[in-house]
Amino acid sequence: SRKEFVTVGIIDYFITDPVGIIIATLNVVSLLMLVYVLLQLVGETRGRVYSAMDRVFSFVLSPLRKLMPEMKIDLAAIVFIAILRLLVFFIKRGSL
């Protein structure tokens, strides 16, 4: 059986089964969400990249934003990243 080695930034893992694909997807979404937060912090909210990301992520983040206080930094996005990272952690441990 051949294993494909995938590198995303500093995250290295093998994609050998559906679980590996799920972990890879969660890692990519986490990375994109981090870029989204960084674009907000530097004030680049008028570009096409940010607009596209905002259309996708606003749908996911809107329920969390209703629960979070309004601040300069998007706390809902930070919480969402933490949730994704916890999911990856528990999937890797085999607890989920």
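Buried, for this talk, means under 20% relative accessible area. Keep that cut-off in mind. One caveat: this is a predicted model.

I'll start with α3. Its buried residues are A76, A77, F80, I81, L84, V88 and I91. Where do they sit around the helix? Looking down the axis of α3, the buried residues fall within an arc of 140°, so they line one face of the helix. Against what do they pack? The partners are α1 and α2.

Next, the length of α3. The helix has 19 residues, which at 1.5 Å a residue should span 27 Å. The end C-alpha atoms of α3 are 27 Å apart, which agrees. Just after α3 comes G94, with a positive phi of about 80°.

Now α2. This helix has 20 residues. From first C-alpha to last, α2 reaches 28 Å, close to the 28 Å expected at 1.5 Å a residue. There is a kink, though. Where? At L61, shortly before the proline P63, and the angle is about 55°.

L61 is also one of the buried residues of α2. The others are Y50, M53, F57 and L64. What covers them? The cover includes α1 and α3.

On to the core. The largest nonpolar core has 18 residues. Which members touch the most other members? M33, Y36, F57, L61 and F80. Three elements give two or more residues to this core: α1, running 18-41, α2, running 48-67, and α3, running 75-93. The largest share, 7 residues, comes from α3. As general background, nonpolar side chains in soluble globular proteins tend to be buried together.

Take F80 as the close-up. Leaving out residues up to four places away in sequence, F80 touches V29, M33, V60, L61 and L64. Two of those names, M33 and L61, are also on the list of core members that touch the most others. So is F80 itself.

Last, the charged side chains. How many salt bridges does the count come to? The count is 1. D74 pairs with R65, and the closest N and O atoms are 2.6 Å apart. Are the two partners buried or exposed? D74 has 11% relative accessibility, so D74 counts as buried. R65 is partly exposed, because its relative accessible area is 28%.

To recap. The buried residues of α3 line one face of the helix. They pack against α1 and α2. The kink in α2 lies at L61. And the salt bridge joins D74 and R65. Questions, please.

Definitions and conventions. Residues are numbered from 1 along each chain as its sequence is written. This is a predicted model: local features need pLDDT of at least 70, side-chain atom pairs count only at pLDDT 80 or more; totals for chains, interfaces and linings use all residues. Side-chain values use heavy atoms; hydrogens and water are left out. A nonpolar core is a set of buried Ala, Val, Leu, Ile, Met, Phe, Trp, Tyr and Cys residues joined through side-chain atoms within 4.5 Å. Buried means under 20% relative accessible area, exposed over 50%, partly exposed in between (1.4 Å probe, protein chains only). Helices (H or I, at least four residues) and strands (E, at least two) are DSSP runs, numbered from the N terminus. Contact means heavy atoms within 4.5 Å. A salt bridge is a side-chain nitrogen of Lys or Arg within 4 Å of a carboxyl oxygen of Asp or Glu. The expected span of a helix is 1.5 Å times one less than its number of residues. The bend at a residue is the angle between axes fitted to the seven residues ending there and the seven starting there. The arc is that of the directions from the helix axis to the C-beta atoms.
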